Amino acid sequence: MPATLSLRQRLTRLMLTASGLALICVLATAFLFELTSFRPRVRSELKQKVDFLTLAEVLPATLAFQDSATAQKYLDRFQDDKNVEVAVVYDADRNLFAKYNRSGETAMMPMSQQPGEVRFGANAASLWQPILRHDEKVIGYLYLQESIPPFYARAPVADFIMLAVVAAMLGMVF
């Protein structure tokens, strides 16, 4: 490597460094979008669906009267919501009470998820929520899992910007 670089080589390095920094900024922006916009919105939507079923006395009543057929009818309404993959109601002893599973597979109870905690996976978000009676006694649990689009589909603007930065980098180098 020569001790001194020509002006052209220095300018090329400068452009590559600036483009690399721009790419890092774009990636950081996409990551911040994920943390500050998308995940809180999914968390809020999941909690609204759970609150509708638990606070509206729909599921507490079915558990109190051991009416699993009615609970099943309410869970089957999730067929209209294309994002909901799994909805399961368990009784206070954590025995299966009613379930809805879009794929028809057996739903597994989350063993390590804390009540009220929304957990994010690669393509799904889930919520495990206790179902309370009017006197605040736990009479059951609701587990709800929604599919979420992959990251690249959630941040199309960031993808476009990253593509533009890469194209500009290549254009400057060649």
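These are my notebook entries on one predicted model.

**Entry 1: the chain as a whole**

I started with the secondary structure. I found 5 helices and 5 strands in the chain. Then I read along the sequence and wrote down the order as α-α-α-β-β-β-β-β-α-α.

Next I looked up burial. The chain has 174 residues, and buried ones make up 33% of them. I also noted the accessible surface, which comes to about 10800 Å². Carbon and sulfur atoms hold 62% of that surface.

I then turned to contacts with a separation of 6 or more. Of these, 54% join residues 24 or more positions apart.

**Entry 2: the nonpolar cores**

Which residues have the most contacts inside the largest nonpolar core? I listed Leu-75, Phe-78, Val-89 and Leu-142. The core itself has 26 residues. I checked which elements supply at least two residues each, and the list includes helix 1, helix 2 (58-64) and helix 3 (68-76). Strand 1 (84-91), strand 2 (96-101), strand 3 (118-120), strand 4 (124-132) and strand 5 (138-147) also qualify. Helix 1 gives the largest share, with 5 residues.

I also found another core, apart from this one. That core has 6 residues, among them Val-88, Tyr-90, Trp-128 and Tyr-141.

**Entry 3: Val-89**

I picked Val-89 for a contact search and left aside its neighbours within four places in sequence. Val-89 is in contact with Leu-59, Leu-63 and Leu-75. My list for Val-89 goes on with Asn-95, Leu-96, Phe-97 and Ala-98. Ile-131, Tyr-141 and Leu-142 complete the contacts of Val-89.

**Entry 4: Glu-146**

Is Glu-146 buried or exposed? I looked up its relative accessible area and got 2%. Buried means under 20%, so Glu-146 counts as buried. I placed Glu-146 in strand 5.

I then asked what Glu-146 touches, not counting residues up to four places away in sequence. I wrote down Leu-46, Lys-49, Asp-81, Asn-83 and Val-84. Glu-85, Asn-123, Ala-124 and Ala-125 are also touched by Glu-146.

**Entry 5: Leu-7 and a surface patch**

I went to Leu-7 last. Leu-7 is found in helix 1, which covers residues 7-55. The relative accessible area of Leu-7 is 57%. Exposed means over 50%, so Leu-7 is exposed.

Which residues form a nonpolar patch on the surface with Leu-7? I found Leu-11 and Leu-14. Leu-7, Leu-11 and Leu-14 together have about 310 Å² of accessible area.

Methods
Residues numbered from 1 in each chain as written. Predicted model: local features only at pLDDT ≥ 70, side-chain atom pairs only at ≥ 80, totals over all residues. Heavy atoms only, no water. Patch = residues over 30% accessible without salt bridge, like charges linked within 9 Å, V, L, I, M, F, W, Y side chains within 5 Å. Areas by Shrake-Rupley, 256 points an atom, 1.4 Å probe, with all protein chains shown as cover. Salt bridge = Lys/Arg side-chain N within 4 Å of Asp/Glu carboxyl O. Helix = DSSP H or I, 4+ residues; strand = E, 2+ residues; numbered from the N terminus. Buried < 20%, exposed > 50% of the residue type's maximum accessible area, 1.4 Å probe, protein only. Core = buried A, V, L, I, M, F, W, Y, C linked by side-chain atoms within 4.5 Å. Contact = heavy atoms within 4.5 Å.
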